[in-house]
Amino acid sequence: MQSLQKELSVIVGADAVLTDPIQLRAYDCDAYTIEKSLPTVVTLPQETAQVAEIVKVANRLDLPVIPRGAGTGLSGGSLAVNGGILIATTRMNRILSVDARNRRLRAQSGAVNIHLSKAAKPFNLHYAPDPSSQGACTVGGNVAENAGGPHTLKYGVTVNHITGLTMVLPDGEIVELGDEVEDPGGCDLVGVVVGSEGTLGIVTEVVARLTPLPAAYRTLLAIFETLDDATRSVSQLIAAGIVPAALELMDKLVLEAVEAAFGYGFPLDAEAVLLIELDGVEAGLDRLQAQAIEICHSNHARETRIARDPLERAKLWAARKKAIGALGRLAPSCVTQDGVIPRARLSHVLREAGEIAHNYGLRLANVFHAGDGNLHPVLLFDDSNPDEVERVAKAGDEILALCLREGGSLSGEHGIGTEKCGLMNAMFSSADLETMRMLKNAFNPDDRCNPEKIFPDTRYCYETKYALRKPAFGL
Amino acid sequence: MDSFCQGLSAIVGSEGVISQTEPLAIAERSPKIGVAPQSEEEISALLEQANGCKAPVVVWGGGTEAQVGRSAVDRYDWALCMNRMDAILDYQPADLVVTAQAGMNLQTLQAVLSEYQQTLPWNPPQPERSTLGGIIASARSGSWRFGHGVPRDRLLAMRAVRGDGTAFKSGAKVVKSVAGFDIHRLFCGSRGTLGIITEVTLKVAPLPERSELWGMTVDHYDLAEAALSEWMAMAILPDSLDLLNPDCAARGGLPAKITILARFSGFEEAVRWQTNHLKERGYALQPMPEEVEMLLQDMPVLGDPLLHLRLSLKSSDTAAWMDTLEGTGILYAHAGSGILHAMAWEEAHAHRLADYAFAHAPRWLTLRAREPFHHIAPWKPDAHSRALTQRIKSQFDPQSILL
């Protein structure tokens, strides 16, 4: 260990190599806290070349490398399953250039998501993908997970906003894929690296597409007596051809938690609210808003409130983005699922998911990207109760199986990681998975980079997962 | 019919065997045979057979891009035609998602979508011939890419058959999915070299209430860049932002002047506000005939240039490039996206275009090159992409039967 520490210190400096078990504890999981595992060592490089040198050391010593951004991931994507060298990009956080004329921004991968938009704001531009953790999560982590956020309904997910990447391949080679200009002229390698969860290499720089800030907004809160009425409104808004910038749903349990935490004035007797945001040029927005309100009222909305100024809008969004954090008031721990379903099936699936949670004796909160059909059922539990943990795991798997039966997906924006790798067989055939593995072999033939993720046939999925869960609860 | 053809007709039926292969020629070489399967299973069986006899295969959609990247073909045994796989498999208007076989052409799909007041906001050349699979495989886009993105941005899922004959799927038929690798995005621009796309799931859009093409002329390219630069910084949201040289404008039926074209869509009052806003800022914007856009899109095909390059540039450099290349032929830029189509008909002009582009363009793609330019490089990808793509191809198509 001492020689490894020394070798890595030569590359990144002694203060950027962590081996103390107490320090390593901060890196034993991401925001998916059910499973934990200590890395052998943590490094904090500042440059792409340093990442490449670290990876070469890992190759020489036959150690895995695990890329990690801010650790806000929700699927165990940065879990050091078998130890290894964890490469945290948090010191690679510089915005390298903003080219307003061409709507491009280049940043190191450890740059925090919201810092991209802050850098672009003087030019009336922003980086559109806005995960709820955007104040902490890194753009490199967003690339790994193809992260979304509330406003991806209109503006698209991470892959729609990345035109170039610098990455270190698992053998230590530095490659540039794409750049500031469009059309790669061959296979879309950037498109497939985005969302690959750090299993094809370590992204160290990104070229992001910037989007004009909307000239005007209309932000509405529609309040419903039943969850069914709210979800029916969502389906009808989409079917009517209204594409809001965002269309979010929060149910009663979430409203209780948000009110207790922040006191925004949400109605505590409502079963659900929809947060609807329309944006664009000012002209026409009032007509669009009237159409949206009419659909909500035709589905028995009790009331629709319109944010009167930017402050009210900011409050509504703060409530939405802090909602899962606020749920901490209701239970010691929670697990957020991320299944996706066709939007016309929302009412049916939410009812079924509620029944699943009820059957396992669990409380279920819903706060999700309704316009995308991207559910976030949040199961509340006490992580010191092993029986409850097992029930949570089973209920979560059943909810995801329900999404698949409806023709949906295991994950809309959180990724597979270690959390859902055991379920990939339910969504994909052996030929589908073999094809994915072929791609992985082209980039990462030795499974050096972020092993034991995504694929259901990893040793981890079968043998280690349960064993890893147990010590996690004792911590 | 010889025994070889009988073997193929056992897979695709006698109606699926095409013996008149001249229309399927690539680089003036006709295939030995054409086959037109009707199912993914038939494609798998065909590719297994092709692997068995090491028969090189080229997949044909509408044939609009089949020549691209294939300037010289040593051996070309089979053309695999997708024209009998052209059905809509699933369309959920309420969910704005459609799944269709890859051989369906864009125009036919648009006709179905329009019945439900929906559209796929793509405008590549020749929509009546361009197939969905071909558009994805060639990553071909038109002027609307500025506002609506490139084909990959609307591709949610895909079914395909790898070069080794194995059928697989990627993605999910919902508007968001991050489960596993997005192989369907990798196939964008793969030009049939990794596998054959059999089915695509696409995110469609509501038809806008109003969509209008507007334009204005300028005297110099520096004025064009000044206008584009200001428009890109304004709160307007055009679907397209194109720049035409005088020859291009004339081919589109417009006065032979440097011309900026922009399409605005949405609510009537939003379209009106945007065009009025530009006029209030002093831009002499005029409504343009709708057919101009279609004429421009199909121009390279109808005109059959000696050399047609697609250059990837910075948006801010587009006007200056056109200034430099003025006099070589037609220059048609999706200027907001930095994509410049440069077409030359005279040999001297084509040399000038090629020499400058190959020396200075960040990237280019050769879309058409006739004698004596037929051996020029098909494209300029970066070195890293080329090496990685080769490694992927050796996995997906180990015998390299897909040309």
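**Exercise 1.** List the buried residues of helix 14 of chain A, then describe the span and the ends of helix 14.

*Solution.* Step 1. A residue counts as buried under 20% relative accessible area, exposed over 50% and partly exposed in between (1.4 Å probe, protein chains only). In helix 14 of chain A the buried residues are A:E388, A:V389, A:V392, A:A393, A:A395, A:G396, A:I399, A:L400, A:L402, A:C403 and A:L404.

The model is predicted: local features need pLDDT of at least 70, side-chain atom pairs count only at pLDDT 80 or more, and totals for chains, interfaces and linings use all residues. Residues are numbered from 1 along each chain as its sequence is written, chains are lettered from A and ligands numbered from 1 in the order in which they are written, and side-chain values use heavy atoms, with hydrogens and water left out.

Step 2. Helices (H or I, at least four residues) and strands (E, at least two) are DSSP runs, numbered from the N terminus. Helix 14 covers residues 386-405 of chain A, 20 residues in total, and its first and last C-alpha atoms are 29 Å apart, close to the expected 28 Å. The expected span is 1.5 Å times one less than the number of residues.

Step 3. At the N-terminal end, A:N385 caps helix 14 of chain A, with a side-chain oxygen 3.1 Å from the backbone nitrogen of A:D387. Just after helix 14 of chain A, A:G407 has a positive phi of about 85 degrees.

**Exercise 2.** Describe how domain 1 of chain A meets domain 2 of chain A.

*Solution.* Step 1. Bounds come from an automatic or database domain assignment; chain A is given domain 1 (2-88), domain 2 (95-212), domain 3 (216-325) and domain 4 (331-468).

Step 2. Buried area is the accessible area (1.4 Å probe) that two parts lose on being put together, summed over both. Domain 1 and domain 2 of chain A bury about 1200 Å² between them, 65% of it on carbon and sulfur atoms. Of the area that domain 1 of chain A buries here, A:T48, A:P67 and A:T72 supply 36%, more than any other three residues.

Step 3. A salt bridge is a side-chain nitrogen of Lys or Arg within 4 Å of a carboxyl oxygen of Asp or Glu. Between domain 1 and domain 2 of chain A the count is 0 salt bridges.

**Exercise 3.** Describe the interface of chain A and chain B.

*Solution.* Step 1. Chain A and chain B bury about 6400 Å² between them, 57% of it on carbon and sulfur atoms.

Step 2. The rule finds 13 salt bridges across this interface of chain A and chain B. A:D188 forms a salt bridge with B:R152, with the closest N and O atoms 2.6 Å apart.

Key. A polar contact is a pair of N or O atoms within 3.5 Å; within protein, one must be able to donate a hydrogen and the other to accept it, and residues adjacent in sequence count only if both atoms are side-chain atoms.
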